[in-house]
Amino acid sequence: MTDSTQTTHMAQALAGKGINYWSRATAVEMAEAMRAGTVTSVELTQACLDQIAAVDGTVHAFLHVDAEGALATAREVDAARAAGEELPPLAGVPIAIKDLVVTEGMPTTAGSRILEGWLPPYDATLTRKIREARMPILGKTNMDEFAMGSSTEYSGYGPTRNPWDLDRIPGGSGGGSAAAVAAWEAPLAIGSDTGGSIRQPASVTGTIGVKPTYGGVSRFGAIALASSLDQLGPCARTMEDAALLHEAIGGHDPMDATSLNEPVPACVAAVREGRENGLAGVRVGIIKELTGQGFQAGVTERFNEAVDHLRAAGAEVVEVSCPSFQYALAAYYLILTSEASSNLAKFDSVRFGLRVEKETIEKTMGATREQGFGDEVKRRIILGTYALSAGYYDAYYGSAQKVRTLVQRDFAAAFAAADVLVSPTTPTTPFKLGERVDDPLAMYLNDIATIPVNLAGIPALSLPSGTAAEDGLPVGFQIIAPAHEDARLYKVGGALEHALAQKWGGPLMSRAPELEVTR
Amino acid sequence: MSLTYDNVVERYDPVFGIEVHVELNTKTKMFCGCANEFGAEPNTQVCPVCLGLPGSMPVTNEKAVESAIRLGLALGCSIRDSSRFARKNYFYPDLSKDYQISQYDEPTCYEGELDVVLDDGTVVKIGIERAHMEEDAGKNTHVGGTGGIQGADYSLVDYNRGGVPLVEIVTKPIEGMGARTAEVARAYVATIRDIVRALGISDGRMEQGRLRADVNLSLRPKAAPGEDQSAVPFGKRSETKNVNSLRAIERAIHFEVVRQAQLLDAGEAVTQETRHWHEDTGSTTPGRSKEQAEDYRYFPEPDLLPVEPSREWVEELRGTIPEHPAKMRARLRDEWGFSELEMRDAVAADALTLIADTVAAGVTPQAARKWWMGELARIANERDEDLASLAVTPAAISELQGLIDSGRINDKIARQVLAGVLDGEGTPTQIVESRGLEVVSDDSALEAAVDEALAAQPDVLEKIREGKVQAAGAIVGAVMKATKGQADAGRVREIILARAGVEG
């Protein structure tokens, strides 16, 4: 894929603007260049660290940067490579990790003040896999507190800004990971998706985000928001990069009882197949309920255009209906808040994190939670506590579980007619910071197209489909597959990415505005 | 006037139910790989999972599930094809996640019935509501001040016990036991203890909290003659927590029966509440009132898959369920011909299985009993150990007894051989050979020894001839001493009598 002459020219052009080419490179390019000996992991890692130093003062994608640790890993990889050691595919490629994945000895706050200063004594399974993949960890990315939010404005440490327009939200909860990738601070990042927290930030930052099948990536060590909905997944700038990362982090984990005991999907091969062979014989279903009314005109336009590209690549396009999606948002917020109210109980001052000392343990617990949690977290704990209360359980949690079953049936019926389903990832392009922060319901509506996927436990991704005519901001295209069929996402995504790149003459991200260096 | 238990049960029908928590003896905890051992230094058997650290997740211990199902089967329960864990949510410092993983609407074992045999042989059927799995909490220690949770200077928490696997067995309401209420309650808990021991899933030691009982009790007036007792509504109940010995079960029931009757007699209401048992005073005091009971907000544990034992597995486990302990005791008593007292002593010493295994190895029941309840019980007591933990097997006892029966050794040497076995010197036969302990039955050697002893005490032969045959004992003793106990005492006696010219 890499043409070294072209690379050299591009590198020179960027250097002229004071930009290190390597921060712009894809993970695939980085890995190939390291194998070819044209660059070292230390150089790549330093390029990313330089970019972070240059722009993160503005973007604020990171809560913690571990330059020393990342460079140490990079040096080890370079030494191992020099010694002729066999290395994993992504060895030496730097990565950023969402701050809810625990990293031994590295601060992990989940965006909350209640965990400020906590140093986890253990690694998440995902962290262990990243270390085993020999990838330098650049640091931990910003997020809405405990992943509750769609804008990062609910982070306890201040919002992240969208690199496309610094006055706009980068999405959430994984706005930090998406912005880090979009701001050229990291070629890859890890996100978590409970109701769209990987896909919606990808959509609004012009990047790619994948939510694997529930259980496809171990949740052990990922600070839980809603255990039955949470799933970790890759954030990247290209389909193949995402696929490589997916294969590195996926797989069965005996530490996570809900982890799938099946082989990791062949994501990379699927991207190549879609790119090279197109989509002949693939049935693509447009979800009627996730188009039209309520969707911004420029979003719909880009969506229709992407569908045309799929058709041109050989896909058969049909329309499917999922009538119970109208209840999905309500059911989601009952299930999520119920589980979250329980998952967040452990933040009680006794064993770790913030402690606001009072006369009795009950008062200490109360004062700690009062001071340590932000408004949105408290709002959701209260909602969930109410929904699980004696006498209300059947009406709320019980009904929500029934809706969940209906949503799953809708998907099952739709997948009888189509191999993959598609929709715009979000109804609108990114809104302005502060615009919805005091209107939780408007904030929740941003996830209308992503939430049903989590309720069904199925895989989905978002990739860029261009920018909206009215505001020039990125529009995401969502592809959804049946459970265990993650590879289908990559095949269809690979084909669409290829078609759009040909149309645009390069990836969408190359059209993102340059960020001012603020260091 | 002061009421008595006997007086109250003539006028009221006590209705009670018992919740027994059994700590399982699995190697690891219920949801993590930490050691499940009693008595380690505080907070040394902990990990991110049982400490409830952010991000950690539980994984169900299959062995604990197996133990729970076997216990359920022994209690006559049905086993659910699919059962879920649930979260019981409440804030407490010893509960690391601030929720306990338990089972709620779908316990794995449900609807059982257990025969409880009282001392006089009466069999009472106790309905079992459910037996479900859950994890234990850690342990709080309140230091300084009043020593209570509210008045202490500070509190320490040990999470070693946090996550230890428990099975909670809940009875259906037990009624109509009248004066035998306390006896039935005690016998029920004793039966559960015997069953978990027979199953080998817990040592059932109440004094160490491995088996803990909560007693629910209420009173309702006795129906008038001719009226239907079951038509009389239940009264308000108290739940007395942590009644941790068999004797305390009886005492707590006596206390609560009288306490509640005093209130009812005075026209006052019994408060539905949790009460604490005080062993020293034999009384209960109120804990937190159930009126302000917490709402535990149970919901299915999303981090765990349902427990779905296959029918085949359950049937396989059913094949491992031992005989009901009381019935086994009755059967063995008949088979062995033990007296009631001998049987009770053997049970109390936890020696039944050992005796049974020794009998199975070919020793007569009385000889087996004498070993385990005699010499071995003495040694165990001396060493402050359990019989079962002594380094001797029923097979070794059988071999030892065989050596005695064949005349190769006598009882006294046998004790020396046993000491060798306990010290790990080898099998009884090996020890006899290596220590050269065989009985001397070579007549010429014995005759020489007898003659030597007689020479030292010349008057003995005369005494024997005068009819004082017991005088031979002094010579037997001397010969035994000279041969270090290895002489065949019977043969020695014969030789002495022959020397005296007397028929033995």
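## Cores, sheets and contacts in a two-chain predicted model

The largest nonpolar core holds 236 residues, and those with the most contacts inside it are Leu90(A), Ile95(A), Leu138(A), Ile479(A), Ala185(B) and Val215(B). A nonpolar core here is a set of buried Ala, Val, Leu, Ile, Met, Phe, Trp, Tyr and Cys residues joined through C-beta atoms within 7 Å. A residue is buried if 20 or more other C-beta atoms lie within 10 Å of its own, exposed if 12 or fewer, and partly exposed in between, with C-beta atoms placed from the backbone. A second, separate core has 42 residues, including Trp371(B), Ile409(B), Ile475(B) and Met480(B).

A word on provenance: this is a predicted model, in which local features need pLDDT of at least 70, side-chain atom pairs count only at pLDDT 80 or more, and totals for chains, interfaces and linings use all residues. Residues are numbered from 1 along each chain as its sequence is written, while chains are lettered from A and ligands numbered from 1 in the order in which they are written.

Back in the 236-residue core, what surrounds Ile479(A)? Leaving aside neighbours within four places in sequence, Ile479(A) is in contact with Val420(A), Val422(A), Ala460(A), Leu461(A), Leu489(A), Val492(A) and Gly493(A). Contact means that the C-beta atoms of two residues, placed from the backbone, lie within 7 Å.

**Chain A as a whole**

Chain A has 17 helices and 11 strands. Both are DSSP runs numbered from the N terminus: helices are H or I with at least four residues, strands are E with at least two. The radius of gyration of chain A is 22 Å, close to the 24 Å that the globule rule gives for 519 residues, so chain A is as compact as a globular protein of that length. That radius is taken over C-alpha atoms, and the rule is 2.2 Å times the number of residues to the power 0.38. Along the principal axes, the C-alpha atoms of chain A fill a box of roughly 70 × 55 × 45 Å. Of the 519 residues in chain A, 62% are buried. Among contacts in chain A with a separation of 6 or more, 77% come from residues 24 or more positions apart.

**Backbone details**

The peptide bond from Gly172(A) to Ser173(A) is cis, with omega near 5 degrees. Ser173(A) sits in the loop between β3 (137-141) and α6 (175-182) of chain A. Two residues that are not glycine have a positive phi, and they are set side by side here.

| Residue | Phi | Loop | C-beta atoms within 10 Å |
|---|---|---|---|
| Arg134(A) | near 60 degrees | between α5 (125-132) and β3 of chain A | 22, buried |
| Asn43(B) | about 55 degrees | between β1 and α2 (62-74) of chain B | 14, partly exposed |

**Strands of chain B**

Strand β1 (residues 12-23) of chain B is mostly covered, with 10 of its 12 residues buried. Strand β10 (residues 211-221) of chain B runs antiparallel to β1(B), and 11 bridges join them; two strands count as paired if DSSP finds at least two bridges between them. Ile18(B) has Val215(B) as its bridge partner in β10(B), and Val215(B) is also one of the residues with the most contacts inside the largest core. β1(B) also pairs with strand β9 (residues 165-171) of chain B, in the antiparallel sense over five bridges. There, Glu23(B) stands opposite Leu166(B).

Elsewhere in chain B, an open sheet of three strands has the order β4-β3-β14, with antiparallel pairing. Its edge strands, each pairing on one side only, are β4 (99-102) and β14 (299-300) of chain B. Strand β3 (residues 86-89) of chain B is joined to β14(B) by two bridges, and Arg87(B) stands opposite Phe299(B).

**Domains and the chain interface**

An automatic or database domain assignment divides chain B into domain 1 (5-28 + 62-92 + 103-132 + 163-317), domain 2 (320-435) and domain 3 (443-500). The C-alpha centres of domain 2 and domain 3 of chain B lie 33 Å apart. Four residues of domain 2 of chain B are in contact with four residues of domain 3 of chain B.

How many residues of chain A meet chain B? In chain A, 33 residues are in contact with 26 residues of chain B. On the side of chain A that touches chain B, α11 (328-343) and α12 (361-372) of chain A are the elements that give two or more residues, and α11(A) gives the most, with three. The residues of that side of chain A divide into 19 nonpolar, eight polar and six charged. In this count Ala, Val, Leu, Ile, Met, Phe, Trp, Tyr, Cys and Pro are nonpolar, Asp, Glu, Lys and Arg are charged, and the others, Gly among them, are polar.
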